[in-house]
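Biologist: I'd like a close look at one part of this model, the pocket that comes out on top by volume. Could you take me through it and then work outwards from there?

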Amino acid sequence: MADPSVCCHPCATCLLCLYSCQWIPAKKEKRKGLRTTKCDCTWFLFLFCVFLFTLVWLYFTIIILNDFHNFNEFIFKQRKLWLDWSLVLLIATAVLITYSTVLLVLALCLQLCGQPLKLHWLHKILLIFTALVVAAAFTGLGIKWAEEWRSARVSLQATGPFLHIGIVGGMTLLAWPLASFIYRTRNTGLIVFLLLVYSMVMITLYLAPLGITSPCIMEENQLPPKPALVGHRGAPMLAPENTLMSLHKAVDCDVQVFETDVMVSADGVPFLMHDEELTRTTNVQAVFPERAALNSTAFNWTDLQQLDAGSWFLERRPFPTVSSLSAGDRAQVAEQRIPSLQQALQAAKQSNISIMFDLRPENHSDYQSFVNATLEVILQSGIPLQQVLWLPDGFREQVKQQAPGVQQIYGRKRLQNEKEPLLRVNLPYQEMSSEEIRQYRQDNISVNLYVVNQPWLFSVLWCSGVSSVTTNACQVLKEMKHPIWLLPSSTYLMIWIVVDCTSFLAILWAFLLLKKCSRRRRPAESETDVLLTKINSLMQE
């Protein structure tokens, strides 16, 4: 393989130094016998695969940020340690993708400059380490958080058209080092193989939009109404979850439903609490250290009222928005206590919003008494029953009989032989496709999906026609007046054609230009070879 340099020697020397961790002047690399071997090519291929592997993980990292608060809660339950692990994940991913990207750019630049690809052993070890870390991350994701694979499917509906443009652009740029390599190598079989593979990949990419579907590819006049907002435990980014302050902050965000979780104290008082233990959202370890690990239902209402349900919010900062709270909000946070269901119903009634709740824990031996106590509070509160959305499945028929005005919402899809038609469903956003959402909408079934925090996800569900979404970020979604993007099919078709044609012309130009440059270098190389041969003959004489 001939390796004529096409860039300045100082630049080539610096590139070679960074890639091979050796200070070898570019002029001397031939004298030292440095040439790209099959082993070097194998390491370059491995580097390229690691880069793609890490890039895919970066994409997954961005996608799972929507649900990462659940992961933080999971770690706290297991280790009693609160940390915003999303920040750790982002930093680690950024380091890995930056390292692999820099190495790949160095390798491509060396190829364009006609320099050997001698990867240093330290880089080889770090590349293997990067591949193992990313593989471990994907494995852990598949074992502990398998539903995120379905989140990726949803995300492709939002990013598919733009990923296509980005991948076509990246593969188009790859034509330059590929053409440079082809015009330098003398292995005909390798040239044919590389051209066939590259051509097949590009043809596949050019035709990929035939398989890309997105609910946001539609005409403006076909866009469904904006989904209503359901405050997940209130407005947990602005106030401690499941508190009256959180409810009022949610009202300020124009939510139509306050979603919460209800438990019943040992003396029969329903109260708002998500976790079975009180350690995450109260100071129970300071007030009742010997009872901190007990179930929330083991405490009577008098004990629960002694707990601080707000200070943890300022100390642990479960969301970045906590740091931007005003002094008045911080003082109000410190005053929060665990609210009873009666207090929450009164606040919802005054604010004219609905309340949806789950009754926990479902496997408790006294669950029926929990249902009775909760129903009694609802009926005595004076709230219009149509503002109460009943989510628990246990003893649902009893609830229908005692409080027929309560709205029933189901945490499952409809069945084929449904005795009575479902009017409302509440499901994770991963469990319903755009086609199912549209079908439910046509059948006048209200669909609420949870938990939706990122604007890109809200946009996809908006275009799909979902009725409402449960969110932690009501203050963000409230400000959205339009989906992030909306393209008529004719406009997308035009973008598709322009991108493919531009890419094809750029690839053709790269190959023709580098072919012309290679022809110019060949006479000079031939003259140099003749001169070296004569000098060698004279020295032998």
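How many residues line the largest pocket, and which of them lie nearest its centre?

Modeller: Sure, with one caveat up front: this is a predicted model, so local features need pLDDT of at least 70 and side-chain atom pairs count only at pLDDT 80 or more, while totals for chains, interfaces and linings use all residues. Numbering runs from 1 along each chain as its sequence is written, and side-chain values use heavy atoms, with hydrogens and water left out.

Now the pocket. The largest pocket is lined by 40 residues, and Phe48, Leu52, Leu104, Met171 and Leu174 are the ones nearest its centre. (A pocket here is an open set of points on a 1 Å grid over the protein atoms alone where a 1.4 Å probe fits, with protein on both sides within 12 Å along at least five of seven lines; lining residues have an atom within 4 Å of a point.) Its volume is about 1,500 Å³, meaning the space filled by probe spheres set on points joined across faces, edges and corners.

Two or more lining residues come from each of helix 2 (38-64), helix 4 (85-112), helix 6 (147-173), helix 7 (175-184) and helix 8 (188-207). Helix 2 gives the largest share, 14 residues. (Helices are DSSP runs of H or I, at least four residues, and strands are E runs of at least two, numbered from the N terminus.) By class, the lining has 34 nonpolar, five polar and one charged residues; nonpolar covers Ala, Val, Leu, Ile, Met, Phe, Trp, Tyr, Cys and Pro, charged covers Asp, Glu, Lys and Arg, and the others, Gly among them, are polar.

As for domains, the chain splits into domain 1 (1-145), domain 2 (160-214 + 489-522) and domain 3 (228-478), with bounds from an automatic or database assignment. Domain 1 and domain 2 each put at least three residues into the lining of the largest pocket.

The second largest pocket, at about 1,300 Å³, draws at least three lining residues from each of domain 1 and domain 3. Its lining counts 48 residues, with Asp67, Asn70, Phe71, Trp145 and Glu147 nearest the centre. Among the elements that supply at least two of them are helix 2, helix 4 and helix 6, along with strand 2 (257-264), strand 4 (354-359) and strand 7 (424-428). The class split there is 25 nonpolar, nine polar and 14 charged.

Those two domains also touch directly: ten residues of domain 1 are in contact with 19 residues of domain 3, where contact means heavy atoms within 4.5 Å. Their C-alpha centres lie 44 Å apart.

Helix 6 is worth following further. It packs against helix 18 (residues 455-464) at an angle of about 85°, with the axes 9 Å apart, so helix 6 is roughly perpendicular to helix 18 (65 to 115 degrees counts as that). The axes are lines fitted to C-alpha atoms over the stretch in contact, and angles run from 0 to 180 degrees between N-to-C directions. On the helix 6 side, Val154, Ser155, Gln157 and Ala158 meet Trp456, Leu457 and Val460 of helix 18. That contact is made of five nonpolar, two polar and no charged residues.

One backbone detail leads into helix 18: Val451 sits in the loop between strand 8 (446-450) and helix 18, and the peptide bond from Tyr450 to Val451 is cis, with omega near -20°. The bond from Arg360 to Pro361 is cis too, with omega near -15°; Pro361 is in the loop between strand 4 and helix 15 (367-381).

Terms used:
Parallel < 35°, antiparallel > 145°, perpendicular 65-115°, else oblique.
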